[in-house]
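Take a look at the protein below. Keep the sequence and the 3D view side by side as you read.

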Amino acid sequence: MKISLVQNRPYTANLLANIKDHIEYAQKSVENGAELVVFPELSLTGYEPTLAASLALEIDDSHLQPLQDFSDEYKVTLGVGVPLLSKKGICISLLFFRPGLPVIVHHKQYLHPDEEAYFVSGPNLPGIRLNGLHVGLAICYELSVKKQLLEQLKHEPGIYLSSVAKAPRGLATATTQLAQIARKYNIITGMVNCVGPANGSICMGNTAIWNSGGSLLGLLNQKDTGILILDLENRYCKSVYC
């Protein structure tokens, strides 16, 4: 099985442009054999908490249909980041479009204090299962919450992936944490980050995969868009800049 982590540069507050971009990255991922494609935190809008109220979507928003259509046609699962409307407010969420199946949602359960003015907590999925592989999930700040990690590990994932929007200071912390998690729990870990403007700062890429010993298997740079393909069978990573 192959997993693609997409390091995109979101168009701020431009849903249609981002959907088109996502499909192009997904196409490139499929061409490289990926069966699961995962994007950064809030990848469909950009990480812009102050704009969340105007950008939030319903889960059945018709604008998202091209992502489901792509999933169905190419038999690939897409994990995309969106601000999602819920009964309690707006969640930071990962929507998983699966071929021939309903969309499922992993919400950010543990918010950074700076996010609490704009978002509400929602329930995590216990991960996502695909072709016999269980994938543990986290969204950005959740990497710092041990309880979240332990809940995901209960389901014995083969890999633990974090979808983030990280500027330089947070990026250094996240990479250290994921290498430590890989070593301590003997699990492959990964982080998918974006590049470009976000919430008055600049996200710095470095999308990466660590092996179960905590050593880097693959790494994208800090400025260019691209995909990082993990071949799980052969424990090999391929970088493709787009």
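This report goes through the cores, two helix pairs and a few single residues.

## The model and its cores

The model is predicted. Start with its largest nonpolar core, which has 52 residues. Seven members touch the most other members: I3, L5, V135, I159, Y160, L161 and I209. Helix 5, residues 168-185, gives the most to this core. Its share is six residues. Apart from this core lies another, of 24 residues. V6, A26, L44 and V82 are among them. In soluble globular proteins, nonpolar side chains tend to be buried together.

Now pick out V135. Leave aside its neighbours within four places in sequence. V135 is then in contact with L36, G127, I128, P157, I159 and L161.

## Helix 4 against helix 5

Helix 4 covers residues 146-153. It packs with helix 5 at an angle of about 45°, and the axes are 13 Å apart. Angles of 35 to 65 degrees fall outside the parallel and perpendicular ranges, so helix 4 and helix 5 are oblique to each other. Helix 4 passes helix 5 in a right-handed crossing.

Which residues make the contact? Helix 4 brings K146, L149, L150 and L153. Helix 5 brings I181, K184 and Y185. Five residues of this contact are nonpolar, two are charged and none is polar.

## Helix 1 against helix 3

Helix 1 spans residues 15-31, and helix 3 spans residues 65-74. Their axes come within 10 Å and cross at roughly 15°. Angles under 35 degrees count as roughly parallel, so helix 1 and helix 3 are roughly parallel to each other. The crossing of helix 1 past helix 3 is right-handed.

On the helix 1 side, the contact uses I19, H22, I23, A26, Q27 and V30. They meet P66, L67, F70 and Y74 in helix 3. Eight residues of this contact are nonpolar, two are polar and none is charged. A26 of helix 1 is also a member of the 24-residue core.

## Two buried residues

Find T45 in the loop between strand 2 (36-38) and helix 2 (52-55). Is T45 buried or exposed? Its relative accessibility is 3%, so T45 counts as buried. Beyond its neighbours within four places in sequence, T45 is in contact with Y11, T12, A13, N18, L55 and P83.

L228 lies in strand 14, residues 226-231. Its relative accessibility is 0%, so L228 counts as buried too. Residues up to four places away in sequence are not counted here, and L228 still touches I3, S4, L5, T207, A208, I209, G218, L219, L220, C237, K238 and S239. Three of these names, I3, L5 and I209, also appear among the best-connected members of the largest core.

## Two asparagines with positive phi

Most residues other than glycine have a negative phi. N186 has a positive phi of about 55°, although it is not a glycine. N186 sits in the loop between helix 5 and strand 9 (188-192). With a relative accessible area of 57%, N186 is exposed.

N206 also has a positive phi, near 60°. It lies in the loop between strand 11 (201-204) and strand 12 (208-210). Is N206 buried or exposed? N206 counts as buried, because its relative accessibility is 14% and the cut-off for buried is under 20%. N206 and L228 are 22 residues apart along the chain, and their C-alpha atoms are separated by 10 Å.

Conventions
Residues numbered from 1 in each chain as written. Predicted model: local features only at pLDDT ≥ 70, side-chain atom pairs only at ≥ 80, totals over all residues. Heavy atoms only, no water. Core = buried A, V, L, I, M, F, W, Y, C linked by side-chain atoms within 4.5 Å. Buried < 20%, exposed > 50% of the residue type's maximum accessible area, 1.4 Å probe, protein only. Helix = DSSP H or I, 4+ residues; strand = E, 2+ residues; numbered from the N terminus. Contact = heavy atoms within 4.5 Å. Axes fitted to C-alpha atoms, helices over the stretch in contact; angles between N-to-C directions. Parallel < 35°, antiparallel > 145°, perpendicular 65-115°, else oblique. Left-handed = near helix turned anticlockwise from the far one by under 90°. Nonpolar A, V, L, I, M, F, W, Y, C, P; charged D, E, K, R; others polar.
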